[in-house]
Amino acid sequence: MSILVSPSPVPNSMSVDLSAAGLDRDAFLTGLLNRVGVETLQATSLQELRERAALWVRQSSLPTTRDEEWRFTDLSFLRQIEFNHVETLPATSLQMDVSLPEATDSRLVFINGVYAPDLSSVTGLPEGVVVSSLAGLPVETRVIASLQSRVQEYLAQAEGAHEVFTALNTALMSDVAVVWVAQNVVVETPIHLVFVAAGGETPMIYSPRCLVVAETGSSVSLVEEFLNREGAKSAKEEVYFTNAVTEVWVGENAQVSHTRVEREGTEAIHVGKTAVSQGRYSRYTCNAVTLGGRLSRHNLEILQTGEQTETVLNGLTMIGGNQLADTHSAIALNYPHATSRQLHKCIVGDRAHGVFNGKIFVPKPAQLTNAEQLNRNLLLSSKARVDTKPQLEITADNVKCAHGATVSQLEDDEIFYLQSRGIDENDARHLLIKAFAAEIINQIPLPSLQQTLTTIVNL
C-alpha cells in the first residue's frame, strides 16, 4: 500500500511521440495489423480515425513485465500465436441463450464483433433512446438531431485513446455498439449488450467496441457481457483474443449503472478497457465480474470533468486452474466535493494468479473529496497467488481518503463451527465462499444475473 504525491492526475496513459515516427517498433503488432484487415467503414472520418490509430500502434510496443503497469502480467506468450481476422458466422450457429428476462426487448448481440440482428431486439425502449450498431445508426431521430455526426464527436475521444490496446481496438474496429440516451430521458428497462466469441479454424482476434452517451439529466442501466459460444469446445480448447473498449460519457446530473461480466473460454485472452468521463453532479456505478479466460485484464479509468460527482466501483474476480486475472483501475478526481467508493474482491484457487492495482488521484483543486478503496482477497489454495497495490496520490489538503488490502484463507474455526451445526466440510467451504462473493453479486440490479453468477460461484 502506498500514498504518493504526484503532479499528474492522468490515469494509465501510455503514448508515443509520433513526431519521432520512423520504422515500426514491434514486429508482433505490425504483423497483426497487416494480417487482420477490415472493410472500410462507411464514414470517411471514422476511416481516418482508424488509420491514425493504426499509426499509433505501429509506433508502440507490446507491454512487458518491465513496464510498471504490467509487471505482474506477462504477455510474451502472445508473440508465439499468429492471430488472424475473425470469421463471420450466421446467428443460427449460436447454440446458447443470451437473453436476460429483464431485457428481452432491449438487447444488442454481436458475434465475433459483427452485429447479429436476428438475436437482437430493441423494441422495448422508450423514445429518446437509441441502441444500435454503428452501421445501422439513424442519421437523426425526432428527439436527437444529427445523431451520426454527434457520435463522431465522442467515439475514440476518451482519455487514454493512445494506449496500445485501445489504439489497436480503434484500428481494427469493424462496428460499434452505440447507446445514446437523450436529455432528461429515464430508461427503466436495462439495456443488454452481448459480445460472443465464436471461434474459428485458427486463433482469432476480435475488437468489440461500445459507446455509451447519457446526456444531461438522463438515467440508464447497462449490462455488458463477454461470452464464448456454447458447444464450440473441441478436444483442444479454442484460443482467441478479445480486445474490448467501452467508452461511457455521463453528462451533467446524469446517472449510469454499468454491469460488466467477462465469461470467456478457458484458453481465451481478454484485454478490456472501460473509459468513463463524468460531468458535474453525475453518478456512475460499475459492477465488474471476471470469471473466464486464460489471461484477462480490465483497465477501468474514471475521469471527473466537473464537481460533486459520485463514483461507485464494485469488482469480483473468481479464478482457478492456471488463470491470471488483472484489474487496473484509475480514478482521477480533479474537482471538489467528489465521492468515490471502491470495493474489489478476488477469489483465487488452484495455481491461479490475481492482480489488483487501484489508483486514486486527488490533485490540489479537488478539495473536500471523500474517497475510499478496499481490496479483499480470498486464497483457496496454498499455491494461489495475489499481488495487490491500492494507491492514493494526493496533493489536496482538505480531503478524506482511505485505502487498504487484505489477503486471507478460509478460517478453520469458521469451517469447524459450520460443521458443528450439521454442515459437512465441503458445503461449509462453499457457504463461506458464497458469502464472500455475495457482497458484490448482490449489488447487481438484475435478479436473473445475480442468480446465474451465484450458481457459478457455487460450482
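This is a short talk on the fold, the cores and the enclosed spaces of one protein chain.

The model is a predicted one. I'll start with the overall picture. The chain has 459 residues, and 56% of them are buried. Secondary structure comes to 7 helices and 22 strands. If you take contacts between residues at least 6 apart in sequence, 83% of those contacts join residues at least 24 apart. The accessible surface is about 19000 Å², and carbon and sulfur atoms account for 48% of that surface.

Next, the cores. The largest nonpolar core holds 67 residues, and Ile191, Leu193 and Tyr284 have the most contacts inside it. What does Leu193 touch, leaving out residues up to four places away in sequence? The list is Leu108, Val131, Val179, Cys210, Leu222, Val223, Glu224 and Glu225. Another core, of 28 residues, lies apart from the largest one; Leu32, Val57, Leu75 and Phe165 are among its members.

Now the open space. The largest pocket has a volume of about 1000 Å³. It is lined by 42 residues, and those closest to the pocket centre are Arg263, Glu264, Leu291, Ile456 and Leu459. Which elements give two or more residues to that lining? They are the strands β10 (219-228), β16 (310-319) and β18 (339-348), together with the helices α6 (425-441) and α7 (447-458). By class, the pocket lining splits into 15 nonpolar, 17 polar and 10 charged residues.

On to the closed spaces. The count is 6 cavities of 30 Å³ or more. The largest cavity contains about 90 Å³. Its lining has 13 residues, with Ala288, Leu300, Asn314, Gly315 and His344 closest to the centre. At least two lining residues come from each of β14 (283-290), β15 (295-304), β16, β17 (324-332) and β18. So far as class goes, this lining has 5 nonpolar and 8 polar residues, and no charged ones. Note that β16 and β18 also appeared in the lining of the largest pocket.

The second largest cavity is about 70 Å³. Its lining includes Glu68, Glu69, Trp70, Arg71, Phe72 and Thr73, and also Asp326, His328 and Lys389. Two elements, β17 and β19 (353-362), give two or more residues here. Of these, β19 gives the most, with 3 residues. The class split for this lining is 4 nonpolar, 3 polar and 5 charged. For contrast, the lining of the largest cavity has no charged residues.

That's the end of the slides.

How values were computed:
Residues numbered from 1 in each chain as written. Predicted model: local features only at pLDDT ≥ 70, side-chain atom pairs only at ≥ 80, totals over all residues. Heavy atoms only, no water. Helix = DSSP H or I, 4+ residues; strand = E, 2+ residues; numbered from the N terminus. Buried < 20%, exposed > 50% of the residue type's maximum accessible area, 1.4 Å probe, protein only. Contact = heavy atoms within 4.5 Å. Areas by Shrake-Rupley, 256 points an atom, 1.4 Å probe, with all protein chains shown as cover. Core = buried A, V, L, I, M, F, W, Y, C linked by side-chain atoms within 4.5 Å. 1 Å grid on protein atoms, 1.4 Å probe; cavity = no way out; pocket = protein on both sides within 12 Å on 5 of 7 lines; lining within 4 Å. Points joined across faces, edges and corners; volume = space filled by probe spheres on them. Nonpolar A, V, L, I, M, F, W, Y, C, P; charged D, E, K, R; others polar.
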